[in-house]
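Open the structure in your viewer and keep the selection tool at hand. Each stop below says what to select next and what is there.

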Amino acid sequence: MTERAALLEIEDVSLAFDGVRALDHVTFRVDRGEVCAIIGPNGAGKSSMVNVISGLYKPASGRVRFQGRELRRARELSGLGIARTFQNLALFRGMTVLENVELGRDFRGRASFFEQAFRLGRAAREERRSREEADQILALLGIAAHRDDIVGRLPYGLQKRVELARALAPRPKLLLLDEPMAGMTFDEKRDMCRFIVEAHETLGTTLVLIEHDLAVVMDLSDHVIVLDRGRKLADGPPDAVRRDPEVIRAYVGSFAD
Amino acid sequence: MIFFLEVLIGGLLAGVMYTMVALGFVLIYKASGVFNFAQGSMVLFAALTLVTLLEHGLPLLLAFGAALLVMLVLAVAIERAVLRQLVNAPPMALFLATLGLAFVLEGLAQLVYGTQVHGLEIGISDAPIRGLPLEVSKLDLFAGAVAAALVTVLGVLFQKTRSGVGLRAVADDPIAALAVGLDLPRLWAIAWAGAGVVALVAGLLWGARVGVQFSLSLVVLKALPVLIIGGFSSIGGVIAGGLLVGASEKLAEVYVGPLVGGGIESWFPYVLAVGFLLVRPTGLLGERLMERV
Amino acid sequence: MSSDVTAWASSDADEAASARNATGQGQAVRKDDPPTREGLPRQPALARRSLALRIASVVAALAAAVGLLTVPLLVTDYVLSAILVPVLALALAGIGQNLITGYAGQLSVGSAAFMSVGAFATYDVHLHVPGIPLIASFAAGGLVAALVGLIFGLPSLRIRGFYLVVSTLAAQFFVVWLFTKVPWFSNYSASGVITAPKLVVANVDLSSPGGHYWLSLLVVAPLTVLARNLVRGRVGRGWMAVRDMETAAAVVGVRTGRAKLLAFAVGSFYCGIAGALWAFAYLGTVEPHGLDLDRSFQVLFIVILGGLGSIAGPFVGAAFVILLPVAFDQIGSAIAGGSVDPGVLQNIEKILFGSLVIFILVKQPAGMVRIVENAWIRVARWRARPA
């Protein structure tokens, strides 16, 4: 079996909020092209982990490496080819679906301010291309009908899809999904799964997702990381993790609390 | 040296006035989370009501009581007609609404009471007390005492009474407050009524010093730098802010003013506030905010 | 505190509730607003429209342009000088204000200050640079205003939300003070008053009311188109992203600091040009106190009434703000059988505008433009209903 290059490396990351240990010396790596799920009981530090990876939280110690280079701030993400969705949705609620998705790619724009003001050549071309690409993603995710609707007015399930569309728009190398299926009905989850798989297969995007639905996790992922109270409990293929007694104890334990 | 002290004291006294007006802002901010731009117009309205009643022959105490009643009714009306409709609005919308409110109140005040300047006599002289090396009048001392009293009362109310604690809870997290069963509309009404009272007192004292006139509502804008410098969340901060703004403004005017033609007071406090925000975004004694993603 | 009024106007949902409501099915929709354009015939994108339709829209645009240009032949001098010119000038200022506050979400009350800078800068450039064309002076005035706006907008890089207002408040008071105290700006005239230079563009004398109107149109129309292009493209999207959720904007790759400063610069540019128009095409003379905090509030009101986050909105708002006092005066005279005390009228206007602002913020925060749009959609729905 060929050794795949590590895309994302988490090295000994620790994070604390006012004394509460959110992450405790966590180390793992995500290989190019794999689907990696981060699971764990509530409060395990999963969202904190993703927030650290995406540069929103600064770890107290340790570092995050993407393609070998250290990753520090949120604004480096798009340039490096990393995109993410948020647990509580971080959509631009005053804008339309199309505008939100176009924003996903906007950082690539090269036309200058004046070219844009006068809608000259390069600006007009970029706008057109932007719209076409966005329309493609909208069609892929089945939300083309809501193209011109204001995002803030859409139902929750559709908003989740818009956020995914925005994240996919720049065809990222790495996609971080923070509970992409939270609050969805069975049908919505099934559709979301399908989109995620399609994105993975069509675009070759490496996925890191936080997910509570263990069935989904076992089904979709190649690699599972289990966190509990900030510490890494298990790290391996889904089957191995599922049978790990420590993991079982952590989950059962959390119920008993 | 004496001159410097005189200017300083003068500034501090002006600061006392600013503090009082700022208290009204703090009350409402603590309760509704909004910077009530209409506070200035409320001060003006209160002062005009009082002055008009006095001019119609009512004795001071009665006039004060009647004006108090008017302010309470006004405050509750505002809370019900405007604030309650904007419960879920973002802070900017609320602020803009109070801007509209300010205009309504100003127009109303001038329509009802006319535009001329009214002198306000409350029986305490504004002449410098003889024998002191500095220019301080009985009115200044009275104002200082009233301000101190007001601040103490408010401080006690916030810490000790149920309504006060409730208001602090609401300021902290309105939804949690609701969940615990606090009567939000009632608390808001209390806060606004309180602001109305503070407005009346401020209007009274200020009017006694400079006369009751339209520019009162503009001067009140200075409360914003006071609150920014002192921090919105604590009464101690308001006092610190008020004194700092009053003193620095006067000092700047006297020492730097002549170099540039004077009139610096009109913008100095705001520039100072900007400077503060750049260095200490939450003010001298304010709380630090944490943003959870 | 991430959403702005426009975002809230469009979402109309309790953000906190929707964020915590993991199983929520839908957002509360304001009862007057049609939720989506579902069920309505979709407007095809410009590129996909048939050739005939494209030709038709170009012809329509040309007709509108011709119509606008010939207005002076159709209306009285009074309408031109007292209504159309100030509406155009204020609308331009409103566009500038809207770019800063409505699109980029940065609270600003300094529009009159930037207008003032534009007016005085235009005056001084035109005065001191021999032979410079008027339009170039206007442009220079705008650029100076843009620079001032940029400087007072710098705090937005560190200060978020409501507190930012104190920066433009400082600008407002400072500018009034500066132009009153430093006589050079007003060419050493008493109390800082400046008067309009001769309004000649390309050897055409524009001193008549009609000329003033054409000058205003010549300036406002292209700038409006440019603004529209900006807000519909990357720049506008970047602004709105900063407004709606700055953290997410950064994650998506928006250069948030640059976006904010750009908004202040461009917005102040527009206000500056508007100020020059206001001073020279409308009033003829202007003094520093004429562009004070009250004027800034007036511009802010225009933007709120017309609709935050819209390019057409300020035109509606400006028309309202200019026409209402006129209408009031007429009604007042009719009722009172003579002229009414202007002070009383002014106060009634204050009350009315204040109430309107509150009403709009409560009922339809997206402003009159949205009110009209919703009515339009309702009509379209009614006509598209199954037979």
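Start in chain A by selecting V226(A) and A234(A): V226(A) stands opposite A234(A), which belongs to strand 10 of chain A. Strands (E, at least two residues) and helices (H or I, at least four) are DSSP runs, numbered from the N terminus. This is a predicted model, in which local features need pLDDT of at least 70 and side-chain atom pairs count only at pLDDT 80 or more, while totals for chains, interfaces and linings use all residues. Residues are numbered from 1 along each chain as its sequence is written, and chains are lettered from A and ligands numbered from 1 in the order in which they are written.

Widen the selection to residues 223-228 and 231-236 of chain A, which are strand 9 and strand 10; they run antiparallel and are joined by five bridges. Two strands count as paired if DSSP finds at least two bridges between them. Strands 9 and 10 of chain A form a hairpin with two residues between them. In the turn, select R229(A), which has a positive phi of about 50 degrees.

Next, show the open sheet of chain A, where four strands lie in the order 2-1-4-5 with antiparallel pairing. Which strands stand at the edges? They are strand 2 (20-31) and strand 5 (69-70) of chain A; each has a single partner strand, so one side of each is left without a neighbour in the sheet. Strand 1 (residues 6-17) of chain A pairs with strand 2 of chain A over eight bridges, in the antiparallel sense. To see one of these pairs, select I10(A) and its bridge partner F28(A) in strand 2 of chain A. In a regular strand the side chains alternate between the two faces of the sheet.

Now colour chain A by domain. The assignment, which is automatic or from a database, gives domain 1 (1-81 + 172-257) and domain 2 (92-166) of chain A. Their centres, taken over C-alpha atoms, are separated by 28 Å. Nine residues from domain 1 of chain A and seven residues from domain 2 of chain A make the contact, where contact means C-beta atoms, placed from the backbone, within 7 Å. On the domain 1 side, helix 2 (77-80) and helix 7 (186-203) of chain A are the elements that give two or more residues. Helix 7 of chain A has the largest share of that side, four residues.

Move to chain C and look at where it touches chain B. The contact takes 39 residues from chain C and 41 residues from chain B. Select helix 14 (342-363) of chain C, one of the helices that each supply at least two residues to the chain C side. Helix 14 of chain C gives the most to this side, with 13 residues.

Stay in chain C and select L92(C). Among the residues that L92(C) touches, leaving out those up to four places away in sequence, are V220(C), L223(C) and Y270(C).

Finish with chain B, coloured by pLDDT, the predictor's confidence in each residue, from 0 to 100. The mean pLDDT of chain B is 77, and 86% of its residues reach 70 or more. Among the elements of chain B, helix 13 (residues 268-279) has the highest mean pLDDT, 88, and helix 9 (residues 216-219) the lowest, 64. Select residues 287-293 of chain B last: the pLDDT there is below 50. Where pLDDT is low, the predicted coordinates should not be read in detail.

Key: Two residues are in contact if their C-beta atoms, placed from the backbone, lie within 7 Å.
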